[in-house]
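Thank you all for coming, and please take a moment to look at the sequence and the model before I begin. I will go slowly, and I will explain each term when it comes up.

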Amino acid sequence: AGGGAGGAGEAGSATGAGAVVEGVDVEALTAESEKVRDEHRLEMRALHGSFHRVWGQMMKAGNQNSRFAHQLERYACLYTSHARNLVAYSPVKSYRGLSDSMPHDQTD
């Protein structure tokens with residue numbers, strides 16, 4: 001019975017600090033994982049900092065299209081086959097239809 005308890009204690013210490021499990025240095029992998037996570041966090045901050053400070057990334061909400069992107073896509077589908085067809089136009093272009101003049105607006 002005493003040998004079984006000692007074996008269990010040794011197995012528990014194998015996963016502690018500086019542990020090597022099946023030839024893999026767990027502590028080194030953990031340190032590398034934390035380093036990569038920190039680098040990713042800094043890159044994400046830099047990415048989000050490059051967008052408008054109030055509006056942020058307008059076309060995405062996380063990994064999904066934003067509500068604005070969805071509305072733009074629906075608007076574009078009404079007038080064209082895809083939103084990317086609007087890329088050649090200026091952002092200040094007006095897409096309103098021409099209005100007809102009323103009889104009292106005409107000057108003869």
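**Helix α2 and its surroundings**

Let me start with helix α2, whose 24 residues should span 34 Å at 1.5 Å a residue, and whose end C-alpha atoms are indeed 34 Å apart, so the two values agree. The expected span here is 1.5 Å times one less than the number of residues in the helix. I should say at once that this is a predicted model, in which local features need pLDDT of at least 70 and side-chain atom pairs count only at pLDDT 80 or more, while totals for chains, interfaces and linings use all residues. Residues are numbered from 1 along each chain as its sequence is written, and side-chain values use heavy atoms, with hydrogens and water left out.

Stepping back to the whole chain, we have 3 helices and 4 strands, and from the N terminus on they run in the order α-β-β-α-β-β-α. Helices (H or I, at least four residues) and strands (E, at least two) are DSSP runs, numbered from the N terminus. The accessible surface comes to about 9700 Å², of which 56% belongs to carbon and sulfur atoms, and such areas come from the Shrake-Rupley method with a 1.4 Å probe, where for residues only the protein chains shown count as cover. Of the 108 residues in the chain, 5% are buried, where buried means under 20% relative accessible area, exposed means over 50%, and partly exposed lies in between (1.4 Å probe, protein chains only).

Now, which residue has a side-chain oxygen that reaches the backbone nitrogen of Glu27 at the start of α2? That residue is Asp25, and the distance is within 3.3 Å. Asp25 itself lies in strand β2, residues 24-25, and it counts as partly exposed because its relative accessibility is 36%.

Further along α2, the side chains of Asp38 and Arg41 meet in a salt bridge, at 2.8 Å from N to O. A salt bridge is a side-chain nitrogen of Lys or Arg within 4 Å of a carboxyl oxygen of Asp or Glu, and by this rule the count comes to 1. Asp38 and Arg41 are 3 residues apart in the helix, about one turn. An α-helix has 3.6 residues a turn, so residues three or four places apart point the same way. Asp38 is partly exposed at 38% relative accessible area, and Arg41 is partly exposed at 38% as well.

Let us move on to the loop between α2 and β3, where we find Met58, partly exposed with a relative accessible area of 39%. Leaving out residues up to four places away in sequence, Met58 touches Ser66, Phe68 and Ala69, where contact means heavy atoms within 4.5 Å. The C-alpha atoms of Met58 and Ala69 are separated by 7.3 Å, although the two residues are 11 apart along the chain.

Is Ser66, one of those partners, buried or exposed? Ser66 is buried, with a relative accessible area of 10%, and it sits in the loop between β4 (64-65) and α3 (67-79).

Finally, Val54, Trp55, Met58, Met59 and Phe68 make a nonpolar surface patch of about 540 Å². Patches are made of residues with over 30% relative accessible area and no salt bridge, with like charges joined within 9 Å and nonpolar side chains (Val, Leu, Ile, Met, Phe, Trp, Tyr) within 5 Å. Trp55, in the loop between α2 and β3, is exposed at 59%.

Notes: A polar contact is a pair of N or O atoms within 3.5 Å; within protein, one must be able to donate a hydrogen and the other to accept it, and residues adjacent in sequence count only if both atoms are side-chain atoms.
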